[in-house]
Amino acid sequence: MAYFSTASTAPGVSSTTSTAAEKDVEVSEPPSDSISSLAFSSQADYLAVGSWDNSVRIYEVGAGGQTQGKAMYQHSGPVLGVCWNKEGNKVFSGGADNAARMLDITTGQPTQVAQHDAPVKVLKWIDAPQAGILVTGSWDKTLKYWDLRTPTPVASVQLPERCYSLDVQYPLMVVGTAERHIQIYNLTNPSTPYKSIQSPLKWQTRVVSCFTASTSSGFAVGSVEGRVAIQYVEDKDSSNNFSFKCHRRDSTPSAKDQALVFAVNDISFHPVHGTFSTCGSDGTIHFWDKDARTRLKTFDAAPAPITTTAFNRNGTVFAYAVSYDWSKGHSGMTPGSPNKLMLHACKDEEVRKRPKKQ
């Protein structure tokens with residue numbers, strides 16, 4: 001089993017770590033409760049933000065990192081997931097009110113577009129060749145596909161367990177559920193899994209994220225136990241599968257075998273370079289190159305969990321949320337917990353791929 005190295009191999013780069021994200025920009029007027037999800041439009045620098053305060057907020061991000069609130073709408077329960085359509089003129093959100101809603105940016109009108117029997121944990125826009133489709137994944141153990149022109153789902157798929165995470169890079173869709181099930185779909189046949197596997201990680205799946213389109217078909221999996229697995233879809237590429245430890249630290253400087261383990265809360269792939277970020281309950285963010293198996297950068301972003309992350313459409317801005325992540329239940333939500341939305345200007349050397357080791 002191979003692991004990422006902890007230092008960059010690029011010539012002239014002496015260090016990959018920084019002690020603090022001191023130059024990152026804090027977004028004004030953030031949500032009033034934990035931030036669950038972030039998504040940038042593919043057409044403009046608009047950022048959708050879902051929160052446990054039942055709201056979805058849309059911010060416009062300027063060239064210098066300044067932000068302006070553009071719109072907001074409500075669910076009747078915590079918002080758990082957000083996404084955009086391909087054209088960038090509609091925002092979708094799913095929540096604990098068992099519904100998915102849509103905001104049409106041009107009209108400013110929110111409408112309900114999907115319904116489940118339990119919270120909608122995640123939703124994604126599928127840019128299919130004929131017509132775009134919204135897919136919703138729920139704790140009711142189903143996936144549903146929605147054509148926005150009709151009020152009922154065009155298809156419903158039974159999952160082996162509650163849906164925890166889902167990602168799409170057409171025609172690939174990967175779904176992570178409770179009990180470590182992973183369902184892999186070829187969206188040319190969206191009702192039947194192409195493959196069903198157990199997670200290569202031993203503990204609960206927190207997030208699945210598909211590689212960008214320019215690379216071989218595959219995905220990354222993050223677990224509650226501070227590990228990430230890189231997994232290719234086709235058997236011929238299985239020799240490239242590996243997992244590695246991250247978001248861990250020694251309990252004391254001398255206790256090398258007593259690691260404190262933190263959940264991997266989100267994985268975001270860079271839209272240009274195909275490198276990726278991980279964020280965790282330990283308040284750190286790492287940028288990685290899976291092909292060179294190298295950590296590109298680490299920064300201690302906050303003294304609190306990082307719950308969710310997103311790159312903008314060209315990978316120049318990286319958004320992350322500092323919030324309570326509910327890993328310790330309701331009792332862990334202490335008064336005064338930080339709740340911030342931050343923007344990091346990506347330098348090319350932080351996210352560009354490194355030469356493979358010989």
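Visitor: What is the bridge partner of C83 in strand 8?

Guide: The bridge partner of C83 in strand 8 is F92. The model is predicted, so local features need pLDDT of at least 70 and side-chain atom pairs count only at pLDDT 80 or more, while totals for chains, interfaces and linings use all residues. Residues are numbered from 1 along each chain as its sequence is written, and side-chain values use heavy atoms, with hydrogens and water left out.

Visitor: What makes strand 7 and strand 8 a pair?

Guide: Two strands (DSSP runs of E, at least two residues, numbered from the N terminus) pair if DSSP finds at least two bridges between them. Five bridges join strand 7 to strand 8, so the definition is met.

Visitor: Why is one side of strand 7 and of strand 10 left without a neighbour in the sheet?

Guide: Strands 7 to 10 form an open sheet in the order 7-8-9-10, with antiparallel pairing. Strand 7 (79–84) and strand 10 (109–115) each have a single partner strand, so one side of each has no neighbour in the sheet.

Visitor: Why does D104 count as buried?

Guide: Buried means under 20% relative accessible area, exposed over 50%, and partly exposed in between (1.4 Å probe, protein chains only). D104 has 15% relative accessibility and therefore counts as buried.

Visitor: What makes the meeting of E161 and R162 a salt bridge?

Guide: A salt bridge is a side-chain nitrogen of Lys or Arg within 4 Å of a carboxyl oxygen of Asp or Glu. The side chains of E161 and R162 meet at 3.0 Å, N to O, so the definition is satisfied.

Methods: Helix = DSSP H or I, 4+ residues; strand = E, 2+ residues; numbered from the N terminus.
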